Amino acid sequence: MAGQDAGSLARRRGYADRMTDFDHLRAEDREHVGYIEMTDDGAFVPYDLLRRRRGEPGGLEEAEAVLDEIGLRLLAEDWILDADGDEPLCVRILEVTRDAVVVAPALDSAAVAKSLDLTATVRLPLPTARLRQA
């Protein structure tokens with residue numbers, strides 16, 4: 001906004017005096033779509049719900065726009081879970097909280113292993129390097 005610095009814009013939006021990392025809610029529907037980190041020099045960095053950095057430090061409105069564009073689509077995508085010593089597994093996200101993500105095996109139409117436990121879930125602390133987009 002013309003004539004406003006990032007700090008005053010953040011204070012107006014209720015972000016002042018919070019942690020340097022705060023939730024971003026999409027304006028149109030108030031859906032939680034990510035996090036924004038405020039750097040020591042007053043810039044803002046967008047992170048998606050899985051705590052993956054999604055842009056460079058910049059203005060608050062730019063960081064918000066990045067997260068608004070990403071939205072919740074990552075919840076509908078297939079993911080690959082790098083399992084400890086096992087074959088990577090195709091999974092779907094069941095739940096995301098501030099600190100963790102819960103995933104479960106996804107059905108692969110090409111081949112379904114009879115030994116695959118479709119009721120098993122894995123809880124991963126965020127951020128995690130064990131989860132990547134399929």
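This report describes the fold, salt bridges, nonpolar cores and cavity of one predicted protein model.

**Overall architecture**

The protein chain contains 2 helices and 8 strands. Read from the N terminus, its elements follow the order α-β-β-β-α-β-β-β-β-β. Of the 134 residues in the chain, 32% are buried. Among contacts with a separation of 6 or more, 40% join residues that lie 24 or more positions apart.

**The hairpin of β2 and β3**

Strand β2 covers residues 32-38, and it pairs with β3 in the antiparallel sense over 4 bridges. One of the residues involved is Glu37, whose bridge partner in β3 is Val45. Between the two strands of this hairpin lie 5 residues, and Gly42 adopts a positive phi near 90°.

Strand β3 itself spans residues 44-47. Phe44 and Pro46 point to one side of the strand, while Val45 and Tyr47 point to the other. Residues on both sides of β3 are buried.

**Salt bridges**

Side chains of opposite charge can pair when their charged atoms come close. In this model the count comes to 9 salt bridges. Three of them are set out below, with the distance between the closest N and O atoms where a pair is listed.

| Salt bridge | N to O distance |
|---|---|
| Arg26 and Asp29 | 2.8 Å |
| Arg52 and Asp48 | 2.6 Å |
| Arg54 and Asp48 | 2.9 Å |

The surroundings of these residues can be described by their relative accessible area. In the pair of Arg26 and Asp29, Arg26 has a value of 13% and therefore counts as buried, the limit being under 20%. Its partner Asp29 is partly exposed at 38%.

Asp48 forms a salt bridge with Arg52, and Asp48 also meets Arg54 in a salt bridge. Asp48 is buried, with a relative accessible area of 0%. Arg52 is partly exposed at 24%, and Arg54 is likewise partly exposed at 32%.

Salt bridges also link Asp21, Asp23, Arg51 and Arg98 into a network.

**Nonpolar cores**

In soluble globular proteins, nonpolar side chains tend to be buried together. The largest nonpolar core of this model consists of 12 residues, including Leu50, Ile70, Trp79, Ile93, Val101 and Leu131. Strands β4 (79-81), β5 (89-96) and β6 (100-105) each contribute at least two residues to this core. A second core, separate from the largest one, has 7 residues, among them Phe22, Val33, Ile36 and Ala63.

Ile93 is a member of the largest core. When residues up to four places away in sequence are not counted, Ile93 touches Leu50, Leu74, Leu75, Trp79, Val101, Val102 and Val103. Among these neighbours, Leu50, Leu74, Trp79, Val101 and Val103 also belong to the largest core.

**The cavity**

How many cavities of 30 Å³ or more does a search of the whole structure find? The search finds 1. The largest cavity holds about 40 Å³ of space. Its lining is made up of Leu50, Arg52, Leu126, Thr128 and Leu131.

Several of these lining residues appear in the features described above. Leu50, Leu126 and Leu131 are part of the largest nonpolar core, and Arg52 forms the salt bridge with Asp48.

Methods. Residues numbered from 1 in each chain as written. Predicted model: local features only at pLDDT ≥ 70, side-chain atom pairs only at ≥ 80, totals over all residues. Heavy atoms only, no water. Buried < 20%, exposed > 50% of the residue type's maximum accessible area, 1.4 Å probe, protein only. Pairing = 2+ DSSP bridges. Salt bridge = Lys/Arg side-chain N within 4 Å of Asp/Glu carboxyl O. Core = buried A, V, L, I, M, F, W, Y, C linked by side-chain atoms within 4.5 Å. Contact = heavy atoms within 4.5 Å. 1 Å grid on protein atoms, 1.4 Å probe; cavity = no way out; pocket = protein on both sides within 12 Å on 5 of 7 lines; lining within 4 Å. Points joined across faces, edges and corners; volume = space filled by probe spheres on them.
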